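Q: I would like a close look at a single part of this structure. Please start at one spot and work outward from there.

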Amino acid sequence: MSDWPEPIEIVNEGGQSDIVLVCEHASNHIPAEYKGLGLGDTDLRRHIAWDIGAAAVTRALAERLGAPAFLGTYSRLLIDLNRPLRVPSSIPERSESTDIPGNASLSEPERQRRHNLIFTPFHDRLAQHLAARENAGRKSRHVAMHSFTPIFFGLARPWHAGVLYDSSRTFGESVIA
């Protein structure tokens, strides 16, 4: 399966930073057997298929910070590594205002295939890395890398950058500062 790269690209795995960069939507790659999920090249270059620019920023930050980075190597249209399984947006039939014909009415075996070939190996490898750090007594600050489209559902999004955080308010505010 030469058109099927490993589902995870690991950069600087031995990096000494407490930060662990994760970029689930780093690629818009769809194996040829899926025929672009019925989409044309223009759609597959859009934000619906990947986070444009996020992979390059992630790789640059990994080098600059001495941080390990984990990047997804398939389009989020096949299966979204940043969504729980079984939610509709995990394998979207529609993304923003674009129908995804190759995801319409998927069989359970095909959903399981994508899960087994892409989702599980990515998350298992990342979990293995985080567990090894924990076992070695090392802290980990998980930083998810994304880009966003300047127009979403027809609405302008004028922000240059965003920092979203939940329970890591101190860390989020230090990044903003």
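A: **From one loop to the sheet**

Asn-12 sits in the loop that links strand E1 (8-11) to strand E2 (19-23). Strands here are DSSP runs of E with at least two residues, helices are runs of H or I with at least four, and both are numbered from the N terminus. This is a predicted model, in which local features need pLDDT of at least 70 and side-chain atom pairs count only at pLDDT 80 or more, while totals for chains, interfaces and linings use all residues. Residues are numbered from 1 along each chain as its sequence is written, and side-chain values use heavy atoms, with hydrogens and water left out.

The phi of Asn-12 is positive, near 55 degrees, although the residue is not glycine. Most residues other than glycine have a negative phi. Asn-12 has a relative accessible area of 34%, so it counts as partly exposed; buried means under 20%, exposed over 50%, and partly exposed in between, with a 1.4 Å probe and protein chains only.

The strand before this loop belongs to an open sheet of four strands, ordered E1-E3-E2-E6, with mixed pairing. Two strands count as paired if DSSP finds at least two bridges between them. E1 and strand E6 (141-144) are the edge strands; each has a single partner, so one side of each has no neighbour in the sheet. On average, neighbouring strands are turned by 20 degrees against each other, direction ignored. Axes are lines fitted to C-alpha atoms, for helices over the stretch in contact, and angles between N-to-C directions run from 0 to 180 degrees.

E1 and E3 run antiparallel and are joined by four bridges. One pairing involves Ile-10, whose bridge partner in E3 is Phe-70. H3 packs on the sheet and touches E1, E2 and E3, and its direction makes about 175 degrees with that of E2. Contact means heavy atoms within 4.5 Å.

Helix H2 (residues 54-65) also reaches these strands. Its buried residues are Ala-54, Ala-55, Thr-58 and Ala-62. They cover an arc of only 100 degrees around the axis, which puts them on the same side of H2; the arc is that of the directions from the helix axis to the C-beta atoms. These buried residues pack against E1, E2 and strand E3 (69-72). On the other side of H2, the residues Ala-56, Glu-63 and Arg-64 are exposed. After H2 comes Gly-66, with a positive phi near 65 degrees.

H3 (108-135) and E2 also each supply at least two residues to the largest nonpolar core, which has 24 residues. Such a core is a set of buried Ala, Val, Leu, Ile, Met, Phe, Trp, Tyr and Cys residues joined through side-chain atoms within 4.5 Å. H3 gives the most to it, with four residues. Those with the most contacts inside the core are Leu-37, Leu-77, Leu-78 and Ile-118. Ile-118 touches Trp-4, Pro-7, Tyr-74, Leu-78, Ile-79 and Leu-81, leaving out residues up to four places away in sequence.

Leu-37 lies in the loop between E2 and helix H1 (41-44). Its phi is positive too, near 55 degrees, and it is not glycine. With a relative accessible area of 2%, Leu-37 is buried, whereas Asn-12, at 34%, is partly exposed.
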